[in-house]
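Please examine the sequence and the structure shown here before reading the report.

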Amino acid sequence: MRPPTGADYAQRAAAMVAEVAPRFAWPGGYPLALLMADGAALCPACAVDHAQAIAAAEPFDCWRAEGAFIHWEGPPLVCAHCGASVESAHGDPGGEA
Ligand SMILES: [Zn+2]
C-alpha cells in the first residue's frame with residue numbers, strides 16, 4: 001500500500017481529529033489521544049486546536065498524525081504540545097499506584 005498523500009491524508013487527518021475530539025472513546029469512556037508520525041502523542045484539545053496544521057502537514061512535518069488511539073495502560077501520556085497528561089484507561093501496572 002502506498003503511503004497516503006495530499007487529499008487522502010488531509011481527509012484521514014480530519015477523521016482522526018474528529019475521533020479524538022470527544023476526548024473519550026464511546027462506549028467505554030477510554031481516554032483518546034492522537035499518535036503523531038514522530039511517535040509523540042497529542043492530547044485531544046491540541047488536536048482540535050491544531051486540526052488545520054495537522055490536516056495540512058507534509059510527511060515528516062511535526063504536525064503529521066498517524067492515527068487516533070486509546071491509551072489503555074501505562075503511565076500517563078504527556079502531550080507533546082501543551083504538556084497535559086492523558087491518564088491511561090487501566091492505570092500503570094508497573095507504577096506504584
Ligand atoms: Zn495538548
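The report below describes the chain as a whole, then its strands, and finally one loop residue.

## Overall architecture

The model described here is predicted. The chain contains 3 helices and 6 strands. From the beginning of the sequence to its end, these elements follow the order α-β-β-β-α-α-β-β-β. With a radius of gyration of 14 Å, close to the 13 Å that the globule rule gives for 97 residues, the chain is as compact as a globular protein of that length.

Along the principal axes, the C-alpha atoms occupy a box of roughly 45 × 30 × 25 Å. Buried residues make up 23% of the 97 residues. When contacts between residues at least 6 apart in sequence are considered, 53% of them connect residues that are at least 24 apart.

## Strand β2 and its partners

Strand β2 spans residues 30-36 and is mostly covered, with 5 of its 7 residues buried. Strand β2 pairs with strands β1, β3 and β4.

The pairing with β4, which comprises residues 65-70, is antiparallel and involves 5 bridges. Within this pairing, L34 has A68 of β4 as its bridge partner.

## The two hairpins

Strand β1, residues 24-25, runs antiparallel to β2 and is joined to it by 2 bridges. One residue pair in this arrangement is A25 with Y30, the latter belonging to β2. The hairpin formed by β1 and β2 has 4 residues between the strands, and G28 adopts a positive phi near 115° there.

Strand β3, residues 41-42, is also antiparallel to β2, and 2 bridges link these strands. Here L35 stands opposite A41 of β3. The hairpin of β2 and β3 has 4 residues between its strands, and G39 takes a positive phi near 90° in this hairpin.

## A residue in a loop

Residue P22 is found in the loop that connects α1, residues 6-20, with β1. Is P22 buried or exposed? A residue is classed as exposed if 12 or fewer other C-beta atoms lie within 10 Å of its own. P22 has 12 C-beta neighbours inside 10 Å, and therefore it counts as exposed.

The position of P22 may also be described relative to A55. These residues are 33 residues apart along the chain, and their C-alpha atoms are separated by 18 Å.

Definitions and conventions
Residues are numbered from 1 along each chain as its sequence is written. This is a predicted model: local features need pLDDT of at least 70, side-chain atom pairs count only at pLDDT 80 or more; totals for chains, interfaces and linings use all residues. The radius of gyration is taken over C-alpha atoms; the globule rule is 2.2 Å times the number of residues to the power 0.38. A residue is buried if 20 or more other C-beta atoms lie within 10 Å of its own, exposed if 12 or fewer, and partly exposed in between; C-beta atoms are placed from the backbone. Two residues are in contact if their C-beta atoms, placed from the backbone, lie within 7 Å. Two strands pair if DSSP finds at least two bridges between them.
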